[in-house]
Amino acid sequence: MDALTHGMIGIALAGLSGQPLAIDNPIYIAAFLGSQAPDFDFLAMIRGGMSYLKQHRAASHSLPGIVLWAALIAIGVFIGCPGSSLVTLFLWAFAGGLSHIALDYFNTHGAALLWPLRKERLSCNLLNVFDPILVLLLLGAYLTGLPMQQVSWISFISMTLYIFLRFLLRIRTTHWLKQEFTGYHLERILVMPSLERIFYWDFVVETDECYFIGQIGAFYPVLTIKANLPKQHYSTIMVEAQKTTLAEFFSLFTPFSYFSEYQHEGSMNVRIYDLRYFQNHSFRHSGTIIFDNDNTPSESYIHSYGRKLKFPS
């Protein structure tokens, strides 16, 4: 989620302590920093964009990661506020970090919660990275003027009810999609918040013959098919592409990757698409594997948000 949402939830957590909100209160400082800490992995940008893509929402968004962050925050806050309890600071910082990775689990990009046992990003696909309705609900709780502990309860109750409502809407939407594609042999259905419209869902429907990518209303079954990709017989080149580090990297981020083969400037290329994010008639995230004359992978690139990054072999 965005830093504002994480921060408001971190402060609301500290409010459960019953202490009034104060910028010099060590409990609020620890919980707030804990709620932001997993995203400190942006420091990987120092080593380049590729390093950041690999590290973001990985180890720092796991239970071992937030234990480490909580310990560092507790020590830092304790040095600045020596009269406070180191254990108490650790627990509030840990609670803040836990709220961060839990909320990231609910959004579409997910988090590697089970790292290092499982490195893929796990996601519940109920929220976008920035959810304006959730932000308004949280801001509304803060604007009530009530004591901080009551603000905290209002924040968590409203957030829980909102996420539960989206969960129910997604169940109904999945049922609509099953009815819409009743003539097909369905294998998998993914429903996630739309990138473009608040009260819509994006979806990927996998059948035994193809993938349907589209959008459907959250309250009414108004459906639009944006792309229809046939399943292909995997050639030798595509089988080799699946063994590359780039293909492995994609498998950590998306459960729906699609391979296509084409020829460019005399060499065979394989393109990998993340089918979840389709906007402006193209996929937001894709990768290219270039093969040499011996049909061996020679170069790899990632295309994301308009950027082209060379992927290390």
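**Exercises on backbone geometry and salt bridges**

Asn 125 is placed in the loop between helix H5 and helix H6 (helices, H or I, are DSSP runs of at least four residues and strands, E, of at least two, numbered from the N terminus). The model is a predicted one, in which local features need pLDDT of at least 70, side-chain atom pairs count only at pLDDT 80 or more, and totals for chains, interfaces and linings use all residues. Residues are numbered from 1 along each chain as its sequence is written, and side-chain values use heavy atoms, with hydrogens and water left out.

**Exercise 1.** Describe the overall make-up of the protein: its secondary structure, its extent and its share of buried residues.

*Solution.* Step 1: the secondary structure comprises nine helices and eleven strands. Step 2: along the principal axes, the C-alpha atoms fill a box of roughly 70 × 45 × 30 Å. Step 3: of the 313 residues, 47% are buried (under 20% relative accessible area; exposed is over 50% and partly exposed in between, with a 1.4 Å probe and protein chains only).

**Exercise 2.** Which peptide bond ends at Pro 116, and is it cis or trans?

*Solution.* Step 1: the bond runs from Trp 115 to Pro 116. Step 2: omega is near 5 degrees, and the bond is cis. Step 3: Pro 116 belongs to the loop between helix H5 (86-106) and H6. For context, most peptide bonds are trans, and most residues other than glycine have a negative phi.

**Exercise 3.** Examine the phi angles of Asn 125 and Asn 280, then state the accessibility of Asn 125 and of Asn 280.

*Solution.* Step 1: Asn 125 is not a glycine, yet has a positive phi of about 55 degrees. Step 2: Asn 280 likewise shows a positive phi of about 55 degrees without being a glycine. Step 3: Asn 125 is buried because its relative accessibility is 9%. Step 4: Asn 280 is exposed, with a relative accessible area of 63%. Step 5: the loop that holds Asn 280 runs between strand S7 (278-279) and strand S8.

**Exercise 4.** How many salt bridges does a search of the whole structure find, and what links Glu 187 to Lys 231?

*Solution.* Step 1: the search yields eight salt bridges (a side-chain nitrogen of Lys or Arg within 4 Å of a carboxyl oxygen of Asp or Glu). Step 2: Glu 187 and Lys 231 form a salt bridge, with their closest N and O atoms 3.0 Å apart. Step 3: Glu 187 is in strand S1 (residues 186-193) and Lys 231 in the loop between S4 and helix H8 (236-242), so the pair ties together parts 44 residues apart in sequence. Step 4: Glu 187 is partly exposed at 42% relative accessible area, and Lys 231 is partly exposed at 29%.

**Exercise 5.** Give the N to O distance for the pair Glu 120 and Arg 118 and for the pair Glu 240 and Lys 243, then name the residues of the salt-bridge network.

*Solution.* Step 1: the side chains of Glu 120 and Arg 118 meet at 2.6 Å; Glu 120 is partly exposed at 24% relative accessibility, as is Arg 118 at 40%. Step 2: for Glu 240 and Lys 243 the distance is 3.4 Å. Step 3: Glu 240 is partly exposed at 29%, whereas Lys 243 counts as exposed at 61%. Step 4: through shared partners, salt bridges join Glu 187, Arg 188, Glu 206 and Lys 231 into one network.
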